[in-house]
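Got your viewer open? Please load the model below and keep the selection tool handy, and we will walk through it stop by stop.

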Amino acid sequence: MLQAPAGTPVLVVLVAHDGMAWLSRTLAALEAQTHPAVSVLAVDNASTDGTREWLVDHLGPDRVLLAERNLGFPAAVSMALDATGAHDAPYVLLLHDDCALAPDALHHLVAALDADPRLALVGPKLHAWQQPETLLAVGWTIDVAGRIVTAVDEGERDQGQHDRERQVLAVSSAGMLVRREVFDGLGRFDRRYHLFRDDLDLCWRARLAGYDVEVVPEATAEHVAAADTLVRPGPSRFVDQRYLSERNTLATLLKNRGALRLGLVVGVYFLVGLAKIAGFLLTRRLADVTRTVRAWLWNARHLRETLRLRRQVQGLRRRSDRELAPHFGRIAPRVRAYVEAIAEWIAGGDVVAGPPPVERRQGPQDPEPVLRSIVRTVLARPVPVAATALVALLVVSGWPLLRSGTLRGGQLAPWPASPGAFLGDYVSSWHAAGAFGTTLPPSPAQALLGALHLAVGGNSYLAPRVLLLGTVLLAWVLALKAAQAFSRRKLPRVVAASAYVLSPPAVAALTTGRIGALVVIAVVPGLVAAATTLLRSDVPVDRAWRAIAGAVLLTAVGGAFEPVLLVAVIAGIPVALAIAMLRASDPGWLLVLLIRLTTVAVVPLVLLLPWSLRLLRPDGPLRAGTGGELVVEPLWRWLVLSPQLAGMPGTYAGVGFVLAGLLGLALAAPRAGRTVAGLWAIAGVGAFAAWLLGRSGSVAWPGLGLVLTAGAFASLLALAFATGAGQLGRHAFGWRQLASLATGLAVALSLGAVAVSLVRVPWDAYAVDDDPLPAFITAAADQADFRVLVLADDGPVVRFEVVPAAGPTMAAFGVADAADVLVGPVVADLVGGFDAGAAERLGALGVRYVVVPEEVGSPELDELLDTQLGLEPRPVDTGRVLRVVTWVPRAALLAPDEADALRADARAPDPEQVAALESDGPGRFTGRAPFGGTVLVAEADDRAWQVWAGGRLLERREGPLVTAEGAARGEYVEVRHAGDARGLAIAGQVLVLLLTISLALRPPGFAADLAAASPTRQPEGGS
């Protein structure tokens, strides 16, 4: 028994549970205390390792209380204070069995309480048990999301850096000295807590009641933190740490937060909790999901008790949350740290060979010239400087696009008012986002656009601007990451990334509104970065599988917008495997690589099911359409990035990129010959692919091939920057240096000219707040359901597009259209002059107006339209608009005679004998029949259409359109498309997506086994 007659009495309540590994040192530290008046009362919490016998032997049976079950720390403390052996000492030291106090620790803690009557709880500075120089805690707090925040980094050494910060929100109960009167007045610990957060709750309540809590840095202790680290032996080793922490944290928030902020804090807590659950699910940690949900359910079951305790806490409140605000943790530093970590991962750091430079003292310096200061800043911080410059360039050059109003142009149609227009159509079995509905699966690009719309809060102004300009910024960021494979320094990587986003294909895609190409330009650098990781055998398994998941997701995203990317990636897989087989002979590594590459090739196709099943079909994404841009030019013009494609900045830009490639060849070839040769080969393959696409008139934009060429030349530029100084330094100043300088200046001037041209571009491909259809047409869409045919004379061919009456919408992006099949033959007869009554056939397809925009009209097309008997010109300010005299609504009831005439010669019926049916959701039309007749729906026929009249299923007639006879006068008519639900396909896509992310976060077991069985080797090449 430890006891002394003089000094302020202190009762030490020592709580032990299976603590034999540490008790002797803990008790010896108590015996060594310099404070004279110490009395010890121990509580054994049902130990099974001999702890209770040891305590009785060393303290005596009258100073040890024995619990028959593990009561937990809070209840054990109350058991001790309620015992007859607990004297009325004014101070109580709460002590864990794994905490050894320094000899003078108690003296300093008591002195702190004696000196300040407002101080109610104090604690020592805690060090690691086995490493006394390492800090564990100097008090702690909690942030608005319920996360525990400490001021100590993991493994941080104690050099007195935290000794000035004494005031804290909470101190650990491992060695907490409390005023007995305050402790009792606050209701002691919450006995429900058992373990974890009991000290936070107590200290927070003391703060609210007007008392102070401090860490006394002069007092130190060494702590095992056995409960946190799960090193305590026996049954307690398996304590449910997450469950108890989550449970008690939420209860603490509910009791102690003020009424004004309670709703916000609890809301944030649950949002963060849901995010954590999502993370647990993605990493297949189902047990942690169960623990978190159990913790929430416990709080729900005990809410009445928690609210009762809350009333007690708030009744003692003397301080507001605002007064305590300085002691709470901040989320901003944590978010900033995450952002900085991500930025460092993307941009990388400078890797400099050799010893660090020696800092030399210098005398007073003259003021630095402005130009030199700017250069020094750029060299010191190239990433933020270049990012700022790129954002400024995009804002200045794209200012015409940033004006308020609806933005359209190129592949960019007016954005719908709600993300539901994208997502609702995507999940529906009948897709009606285009002018004609279809059962063919839409491209997942439709869902991605909806997700983007949702991410910007459903703002239809922001969404298209983010899609256009944001993809350029994303391309720059991913290009920074990809450039790490070619340079160890930031400046060359920044130069390469900037050159890539200012390359001719990138500028052309941006200025002409080629959304698919912009997405491909953004994802290609990410694919390069992933490939440089997964093709190496010396990277950790988790990093390799993150790269695989990244490649899968990027391929799926890019392929959804431009299917040709899927073909390119699949075609590149055997090439990469063949190169690996030539350079490596280890079968184990080749098997690992085969699994990685197969995953990258197959999973994107699975992720894009069922749309990807139609990839190679004649009416599939790769081959359907009216044909692309036909560009027949020599191959060399494609190699120098200067073909006659709309939006290309000019020959000066292409020449600059070729010079960049030559500079890389001259300076980097001696050190990285294979890499340089590979990049030139990629440049040639890209140019050849673009040449083929241009000559074939493919649906795919020929400029896509030039993305590879531009990326290869930008990478060569990075290699030239990275190796140039070393290579040129080996030779005396002469022609090599002059030629390199001249070439570098030419490249810089070329990129500068591209930037200037981007600022001066008129952005003719776009229109802001300019309706694509005349206002009287879109206004009529409220009264009738019809379609509009838009014609454009493109020289050798007349292109057409069928749009809804309200105008085209971005929600139709990636949706297959039946217009080619149904309207194509009619348009061919109309513009070919083969049928003067072709306009009436258009009317039977629900086409009410024919529009020819002014910029794509021609006298020849006007003459052909004027010969049509069923077209009536309408007065408009620009272009031409012609009304189809006799037309049928999209869904209608026709009188018998008119239906027969329609079937006989495919001509539109008399409008007086037509009754429109109203649209009542995707693939559903309803109405009351004013007369008997035939139901016509101007949609492509398939077996899933059902026509009901008066509760009877009408017999369908075969034909290109949906028709059914037998509706009687006065009957209720319903037409619906009873197609298969897409729920299974959508669920499959979500499952594969989650599985991909999960495998990135936690690689599969077989991958680790294969990696362990295969020896690693460093690949050749690179710099």
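What follows is a tour of a predicted model, going from the whole chain to single residues and pairs.

**The whole chain**

Start with everything shown as a cartoon. The protein chain holds 38 helices and 28 strands. Color by burial next: of its 1023 residues, 51% are buried. Switch on the surface, and about 46000 Å² is exposed, with carbon and sulfur atoms supplying 60% of that area. As for how the chain folds back on itself, take the contacts between residues at least 6 apart in sequence: 75% of them join residues at least 24 apart.

**Two nonpolar cores**

Now select L412, L468, W476, Y500, L510 and M810. These are the members that touch the most other members of the largest nonpolar core, which has 127 residues. Center on L510. Which residues does L510 contact, once neighbours within four places in sequence are set aside? You should find L394, L468, L469, V472, L518, L758, W763 and Y766 around L510. There is also a second, separate core of 53 residues, and V92, L169, V213 and L250 are included in this one.

**Two helix residues**

Move to helix α29, residues 703-728, and pick L717. Is L717 buried or exposed? With 2% relative accessibility, L717 counts as buried. Beyond four places in sequence, L717 touches V495, A499, A660, L663 and V747. Draw a distance from the C-alpha atom of L717 to that of L659: the two are 58 residues apart along the chain and separated by 8.9 Å.

Then go to T292, in helix α10 (residues 286-301). T292 is buried as well, at a relative accessible area of 0%. Its contacts, leaving out residues up to four places away in sequence, are R242, E246, I277 and F280. Keep E246 selected for the next stop.

**Salt bridges**

The count of salt bridges in the model comes to 37. One of them joins the side chains of E246 and K276, at 2.4 Å from N to O. K276 sits in helix α9 (residues 259-282) and E246 in helix α8 (residues 241-256), so this pair ties together parts 30 residues apart in sequence. The two ends differ in exposure: K276 is partly exposed, with a relative accessible area of 30%, whereas E246 is buried at 8% relative accessibility.

Next, select R890 and E939, whose side chains meet in a salt bridge of 2.6 Å, N to O. R890 belongs to the loop between β18 (880-884) and β19 (891-894), while E939 is in strand β23 (residues 933-940), so the pair links parts that are 49 residues apart in sequence. Both R890 and E939 are buried.

For a third pair, show D190 and R192: their salt bridge spans 3.0 Å, N to O, and both residues are buried. Finally, add D82, R180, D184, R188 and R191 as sticks, and you have a network linked by salt bridges.

**An open sheet**

Select residues 924-928 and 972-977, which are strands β22 and β28. How many bridges join β22 to β28? There are 5, and the two strands run antiparallel. Across this pairing, R924 stands opposite R976 of β28. Now widen the selection to the full sheet: 5 strands in the order β21-β22-β28-β24-β25, open and with antiparallel pairing. At the edges stand β21 (918-919) and β25 (952-953); each has a single partner strand, so one side of each is left without a neighbour in the sheet.

**A glycine in a loop**

Pick G814, in the loop between β15 (797-804) and α32 (819-822). G814 is partly exposed, at 28% relative accessibility. Outside four places in sequence, G814 contacts P442 and S443. The C-alpha atom of P441 is 9.2 Å from that of G814, although the two are 373 residues apart along the chain.

**Last stop: cysteines**

How many disulfides does a search of the whole structure find? The result is 0. To finish, select C99 and C203: C99 is buried with a relative accessible area of 0%, and C203 is buried with a value of 0% too.

Key
Residues are numbered from 1 along each chain as its sequence is written. This is a predicted model: local features need pLDDT of at least 70, side-chain atom pairs count only at pLDDT 80 or more; totals for chains, interfaces and linings use all residues. Side-chain values use heavy atoms; hydrogens and water are left out. A nonpolar core is a set of buried Ala, Val, Leu, Ile, Met, Phe, Trp, Tyr and Cys residues joined through side-chain atoms within 4.5 Å. Buried means under 20% relative accessible area, exposed over 50%, partly exposed in between (1.4 Å probe, protein chains only). Contact means heavy atoms within 4.5 Å. Two strands pair if DSSP finds at least two bridges between them. Helices (H or I, at least four residues) and strands (E, at least two) are DSSP runs, numbered from the N terminus. A disulfide is a pair of cysteine sulfur atoms within 2.5 Å. Accessible areas come from the Shrake-Rupley method with a 1.4 Å probe; for residues, only the protein chains shown count as cover. A salt bridge is a side-chain nitrogen of Lys or Arg within 4 Å of a carboxyl oxygen of Asp or Glu.
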